[in-house]
Amino acid sequence: VYIIKFFLYVLQLFHLLEICDFQQFWKVLREKPGLYLGITGFEDSIRQFICHTIKITYQSIKKQIVCNLLGGLDETQLKHWVNLNKWNEIDDGYLHISNQDELIKSKNIKEKIEFESVAGVVSTYK
């Protein structure tokens, strides 16, 4: 019974991360701290994932929202994550995350299909 409850708990946490409901994730996670406190780097790994999601989603975002998304950080902890991700603090309590145009990478795709390789398919289609 314990294993089933643990499994359901882990699935719930996974689902919350998958749908990016990070505030609810931290709430549920903190209901049972004994299950994760012994795992070295667990919270930092989750925060790295959340920072990645923030980076690909936002150009700028309120600092308080980032604090909440990262699990209710204090100012010192937030500065650590801001510096780690090379974000910049801007006016009115906002963080500049990135210019989304910088993240777009174009790719040239060349298709090399010889007519002979598709001639059989083309000839059967009428």
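Helices (H or I, at least four residues) and strands (E, at least two) are taken here as DSSP runs, numbered from the N terminus. The legends below describe a predicted model.

**Figure 1. Overall secondary structure of the protein chain, with seven helices and three strands.** From the start of the sequence to its end, the elements of this predicted model follow one another in the pattern α-α-α-β-α-α-β-β-α-α. The protein chain holds 126 residues, of which 26% are buried. Among the contacts with a separation of 6 or more, 57% join residues 24 or more positions apart.

**Figure 2. Close-up of the packing of helix α1 against helix α2.** Helix α1 spans residues 2-18 and helix α2 spans residues 22-29; their axes come within 8 Å and cross at roughly 160 degrees. An angle over 145 degrees counts as roughly antiparallel, and α1 is therefore roughly antiparallel to α2. The crossing of α1 past α2 is left-handed. On the α1 side, the contact is formed by Tyr9, Gln12, Leu13, Leu16 and Leu17, and on the α2 side by Phe22, Gln24, Phe25, Val28 and Leu29. Sorted by class, the residues of this contact comprise eight nonpolar, two polar and no charged.

**Figure 3. Close-up of the packing of helix α2 against helix α3.** Helix α3 covers residues 42-57, and its axis lies 12 Å from that of α2, at an angle of about 170 degrees. The two helices, α2 and α3, are therefore roughly antiparallel to each other. Helix α2 contributes Phe22, Phe25, Trp26 and Leu29 to the contact, while α3 contributes Phe42, Glu43, Ile46, Arg47, Phe49, Ile50 and Thr53. This contact of α2 with α3 has eight nonpolar, one polar and two charged residues.

**Figure 4. Close-up of aromatic pairs, including Phe22 with Phe49 and Tyr36 with Phe42.** A pair of aromatic rings is described by the distance of the centres and the angle of the planes. The count for the model comes to three aromatic pairs. One of them, formed by Phe22 and Phe49, is edge-to-face, with 6.1 Å from centre to centre and 85 degrees between the planes. This pair links distant parts of the chain, since Phe22 belongs to helix α2 and Phe49 to helix α3, 27 residues apart. Phe22 has a relative accessibility of 4% and so counts as buried, whereas Phe49, at 37%, counts as partly exposed. In the pair of Tyr36 and Phe42, the ring centres are 5.7 Å apart and the planes stand at 40 degrees, so the pair is tilted. Tyr36 counts as buried at 7% relative accessibility. Phe42 is partly exposed, its relative accessible area being 23%.

**Figure 5. Close-up of Thr53 in helix α3 and its contacts with Cys20 and Phe22.** Thr53 has a relative accessible area of 13% and is therefore buried, the limit being under 20%. When neighbours within four places in sequence are left aside, Thr53 is in contact with Cys20 and Phe22. Cys20 is located in the loop between α1 and α2. At 37% relative accessibility, Cys20 counts as partly exposed. The backbone of Cys20 has a positive phi of about 60 degrees, although Cys20 is not a glycine. Most residues other than glycine have a negative phi.

**Figure 6. Close-up of Leu95 in strand β3.** Strand β3 comprises residues 94-96, and Leu95 lies within it. With 1% relative accessibility, Leu95 counts as buried. Apart from neighbours within four places in sequence, the contacts of Leu95 are with Gln59, Ser60, Ile61, Lys63, Val66, Val82, Trp87, Asn88, Glu89 and Ile90. One of these residues, Lys63, is 32 residues from Leu95 in sequence, and the C-alpha atoms of the two are 6.0 Å apart.

**Figure 7. Close-up of Asp92 in the loop between β2 and β3.** Strand β2 is formed by residues 88-90, and the loop that separates β2 from β3 contains Asp92. The phi of Asp92 is near 60 degrees, a positive value in a residue other than glycine. Asp92 has a relative accessibility of 72% and therefore counts as exposed.

Definitions and conventions:
Residues are numbered from 1 along each chain as its sequence is written. This is a predicted model: local features need pLDDT of at least 70, side-chain atom pairs count only at pLDDT 80 or more; totals for chains, interfaces and linings use all residues. Side-chain values use heavy atoms; hydrogens and water are left out. Axes are lines fitted to C-alpha atoms, for helices over the stretch in contact, and angles run from 0 to 180 degrees between N-to-C directions. Angles under 35 degrees count as roughly parallel, over 145 as roughly antiparallel, 65 to 115 as roughly perpendicular and the rest as oblique. A crossing is left-handed if the near helix is turned anticlockwise from the far one by less than a right angle, and right-handed if clockwise. Contact means heavy atoms within 4.5 Å. Ala, Val, Leu, Ile, Met, Phe, Trp, Tyr, Cys and Pro count as nonpolar, Asp, Glu, Lys and Arg as charged, and the others, Gly among them, as polar. Buried means under 20% relative accessible area, exposed over 50%, partly exposed in between (1.4 Å probe, protein chains only). Rings of Phe, Tyr and Trp (its six-membered ring) pair if their centres lie within 6.5 Å; planes under 30 degrees apart count as stacked, over 60 as edge-to-face and the rest as tilted.
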